[in-house]
Amino acid sequence: MTKNRIKSHPILDIPKKEPAFFYWDKLKLEAIKDEMISSALFANNIKIFGHHHKDGSAQGIFCANGQCAKCTVIANGIPVKACMTPVRENMIVESVKGLPRLPDVDKNPQISNIEHLEIDVLIIGGGPAGLSASLQLEQEKRRWIMHI
Ligand code: FES
């Protein structure tokens, strides 16, 4: 039984969800099917997912939306972001001690459906500077795309 879950609420119903079991550093833990690994670890009171390779500082949830990689764990042998990766039944999840190792592969992965674009400017970020740049480029009739 997980320790850190909302089990009752004065207003909202807590829906019943299907459990899933996974392993954290060889310890069998309960999760909710398809929840993110980070949520399952937090529900089991595990908040340190690994340690930084340079200074050994604790790593875990930082942005919680896939932007920082501070939550990296090894899931079934592959480094993944715990906040973006769903738990699978019997998944073996391990903490990262130092830099994660990539698995050995025999051949390059198949990558298909890559769209090729001809543009003048790639704007990285959709904040005030990115939006301002897009307005300026639009006035100059330049071809641009924005990566948010
Ligand atoms: S917490 Fe930042 S990527 Fe997961």
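Two residues are taken to be in contact if their C-beta atoms, placed from the backbone, lie within 7 Å. On this basis, residues 24 or more positions apart account for 42% of the contacts in the chain with a separation of 6 or more.

The model is predicted. Its mean pLDDT is 92, and 99% of the residues reach 70 or more. Confidence varies among the elements of the chain. Helix α1 has the highest mean, at 97, and β8 the lowest, at 89.

The chain contains 2 helices and 10 strands. From the N terminus on, these elements follow the order β-β-α-β-β-β-β-β-β-β-α-β. The domain assignment gives two parts: domain 1 covers 19-97, and domain 2 covers 116-148. Taken over C-alpha atoms, the centres of domain 1 and domain 2 are separated by 36 Å.

The overall dimensions were computed next. The C-alpha trace spans about 60 × 50 × 35 Å along its principal axes. The radius of gyration is 21 Å, whereas a compact globule of 148 residues would have a value near 15 Å. Of the 148 residues, 17% count as buried.

Two C-alpha separations add to this picture. Tyr-23 and Glu-138 are 115 residues apart along the chain, and their C-alpha atoms are separated by 52 Å. Glu-138 belongs to helix α2, residues 128-139. Glu-138 has 10 other C-beta atoms within 10 Å and is therefore exposed. Thr-72 and Ala-133 are 61 residues apart along the chain; 33 Å separate their C-alpha atoms.

The largest nonpolar core has 18 residues. Ile-37, Leu-41, Val-73, Ala-82 and Val-93 touch the most other members. At least two residues of this core come from each of β1 (19-24), α1 (37-43) and β5 (72-75). Helix α1 gives the most, with 4 residues. In soluble globular proteins, nonpolar side chains tend to be buried together. The surroundings of Val-93 can be listed in full. Residues up to four places away in sequence are not counted; beyond these, Val-93 touches Phe-22, Tyr-23, Trp-24, Ile-37, Val-73, Ile-74 and Ala-75.

Strand β5 pairs with β6 (residues 78-81). The two run antiparallel and are joined by 4 bridges. In this pairing, Val-73 stands opposite Val-80 of β6. The hairpin of β5 and β6 has 2 residues between the strands, and Asn-76 takes a positive phi near 50° there.

Thr-72 also lies in strand β5. Thr-72 is buried, because 21 other C-beta atoms lie within 10 Å and the cut-off for burial is 20 or more. Neighbours within four places in sequence are again left aside. The contacts of Thr-72 are then Gly-50, Pro-79, Lys-81, Val-96 and Pro-100.

Two of these contacts, Gly-50 and Val-96, recur in a further pairing. Gly-50 stands opposite Val-96 in β8. Strand β3 (residues 50-51) pairs with β8 in the parallel sense, over 2 bridges. An open sheet of 3 strands has the order β4-β3-β8, with mixed pairing. Its edge strands are β4 (58-59) and β8 (96-97), each of which pairs on one side only.

Backbone torsions were examined last. Most residues other than glycine have a negative phi. Lys-26 departs from this pattern, with a positive phi near 75°. Lys-26 is placed in the loop between β1 and β2 (27-32). Only 12 or fewer neighbours are allowed for an exposed residue; Lys-26 has 7 other C-beta atoms within 10 Å, so Lys-26 is exposed.

Ala-64 likewise is not a glycine and has a positive phi, of about 65°. The loop between β4 and β5 holds Ala-64. Its C-beta neighbours inside 10 Å number 17, and Ala-64 therefore counts as partly exposed.

Conventions. Residues numbered from 1 in each chain as written. Predicted model: local features only at pLDDT ≥ 70, side-chain atom pairs only at ≥ 80, totals over all residues. Domains from an automatic or database assignment. Rg over C-alpha atoms; globule rule 2.2 N^0.38 Å. Pairing = 2+ DSSP bridges. Core = buried A, V, L, I, M, F, W, Y, C linked by C-beta atoms within 7 Å. pLDDT = per-residue confidence, 0-100.
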